[in-house]
Amino acid sequence: MGKAKPFDIPKRAVWEAYQRVKANRGAAGVDDQSIEDFERDVKNNLFKLWNRLSSGSYFPPPVKRVAIKKRQGGTRPLGIPTVSDRIAQGVVKAYLEPELERHFHPDSYGYRPGKSALEAVGMARQRCWRHDWVLDLDIQAFFDTIPHDLLLRAVRKHTDCTWVLLYIERWLTAPVQLENGTLEPRERGTPQGSVISPLLANLFLHYAFDRWMAKHHPEIPFERFADDAVCHCSSERQAQKLQTDLEQRFAECGLKLHPNKTQIVYCKDNVRRGHCPNQKFDFLGYTFRPRLAMNRWGKTFVNFSPGISNRAAKAIRQTMRDWQLDRRIDKRINDLAKMFNPILRGWMNYYGRYHKSALSRALMHLDLRLARWAMSKYRRLRRHRRRARYWVQDVRRREPALFAHWRLLYRATAGR
């Protein structure tokens, strides 16, 4: 009879975590093992992982650091664990998440089951109508600066499970492998890109921000998506006081508000006649600002509301350029529609929820790219840009549902 394992971790928990990692795909870690490589001997690989987790002998390998481009320029460090490590983190997350979910604040929306970024945007929209001022928060390098001791203290408030605490501590202190191959020890933070990090980040801010706000400023509502938060205030003075208090609170928690990105914003509309240099803010890919709107009687008025941000629209146009349509002359236009419609629908579902006309301006760029594609593909259209645009329009009239964005775009432009 085999010797009992120190930790009772069900094999099914490892299998289910593997299924989630497989569905999410993702790049290879420091061992260069892809999902496909892992699957070639999946039963043996999962058994070895379960055996090491159950015996306490599992030590996470270094996290591979890569730099990804930020929409606003510059780069953000992303940590990529190995496939096996992502599965192991998934086991711990599945154990811990149901317990933490019972305590999390209803206005915490990031990386939680049943919550979404659009839900946070919609709630911010309603509260901007009811409150004149916003404190737009930005925590500087949040994921890189979380103090490990405070985070582990928060975890211990919710579980005394030995293997959960053991492996979370090991993940927090696992070194980072830089792009040149050198290893860098980690004394603070939890890497963006790991499976367990969003849950740990939410737990940290649950105590550092959510519960603190409920205790010290219960009259101020907020929406938080991971480290991105918006607070709604009744006056500029209240917003200034809150900013001062939060600077002190975050300092106590080892964090710092970004001095240039944290701002107080006036939610100006038809009724609000005050003056403030800041009258817009970005939240989850939307820009909140005064916009012209029309009521049910056809009368225009100024409304403080969200629409796709300039950064998000610029990213959409850049993605379209990256498709390099003029090099895809081996494809038919129907083939292009099948390739790109899922992406277009994703943009429309997210950025088209509020102020669709702002999104339509970004989507118009695709028709220009299609005209260039037609000029490259058809000899009769070469060097005839206007004729190529007419050709795209003719296709749209014949098949208005061919590209997902056409119904939204041309319905929006027809209504203006």
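The second largest cavity of this predicted model encloses about 30 Å³ of space. Its lining consists of Tyr111, Phe143, Pro198, Ala201, Asn202, Leu205, Arg224 and Ala226. Helix α9 (residues 197-216) contributes the largest share of that lining, with four residues. Helix α9 also lies across strands β3, β6 and β7, which belong to an open, antiparallel sheet of four strands.

**Cavities**

- By the rule applied here, the model contains two cavities of 30 Å³ or more.
- The largest cavity holds about 60 Å³ of space, and 13 residues line it.
- Among these lining residues, Val63, Gln89, Trp171, Arg186 and Pro191 are the closest to the centre of the largest cavity.
- Helices α4 (83-101) and α8 (162-173) each provide at least two residues of the lining of the largest cavity.
- In terms of residue class, the lining of the largest cavity comprises eight nonpolar, three polar and two charged residues.
- For the second largest cavity, the corresponding division is six nonpolar residues, one polar and one charged.

**The four-stranded sheet and its helices**

- Four strands, in the order β6-β7-β3-β8, make up an open sheet with antiparallel pairing.
- The edge positions are taken by β6 (222-225) and β8 (263-266); each has a single partner strand, so one side of each is left without a neighbour in the sheet.
- From one strand to the next, the twist in this sheet averages 15°.
- Edge strand β6 pairs with β7 (residues 228-233) in the antiparallel sense, over four bridges.
- Within this pairing, Glu223 stands opposite Val230 of β7.
- Helix α5 (residues 117-130) packs on the sheet and touches β3 (133-138), β6 and β7. The direction of α5 makes about 160° with that of β6.
- Helix α9 lies across β3, β6 and β7 as well, and runs at about 170° to β6.

**The three-stranded sheet**

- A further open sheet is formed by three strands in the order β9-β10-β11, and the pairing here is antiparallel.
- Strands β9 (281-283) and β11 (300-308) stand at the edges of this sheet; because each has a single partner strand, one side of each lacks a neighbour in the sheet.
- Neighbouring strands of the three-stranded sheet are turned against each other by 50° on average, with direction ignored.
- Nine bridges join β10 (residues 286-294) to β11 in the antiparallel sense.
- One of the residue pairs involved is Met294 with its bridge partner Thr300 in β11.

**Arg361**

- Arg361 is located in helix α13 (residues 356-377).
- The relative accessible area of Arg361 is 46%, so the residue is classed as partly exposed; that class lies between the limits of 20% and 50%.
- Arg361 and Ile220 are separated by 141 residues in sequence. In space, the C-alpha to C-alpha distance between Arg361 and Ile220 is 35 Å.

Methods:
Residues numbered from 1 in each chain as written. Predicted model: local features only at pLDDT ≥ 70, side-chain atom pairs only at ≥ 80, totals over all residues. Heavy atoms only, no water. 1 Å grid on protein atoms, 1.4 Å probe; cavity = no way out; pocket = protein on both sides within 12 Å on 5 of 7 lines; lining within 4 Å. Points joined across faces, edges and corners; volume = space filled by probe spheres on them. Nonpolar A, V, L, I, M, F, W, Y, C, P; charged D, E, K, R; others polar. Pairing = 2+ DSSP bridges. Axes fitted to C-alpha atoms, helices over the stretch in contact; angles between N-to-C directions. Contact = heavy atoms within 4.5 Å. Buried < 20%, exposed > 50% of the residue type's maximum accessible area, 1.4 Å probe, protein only.
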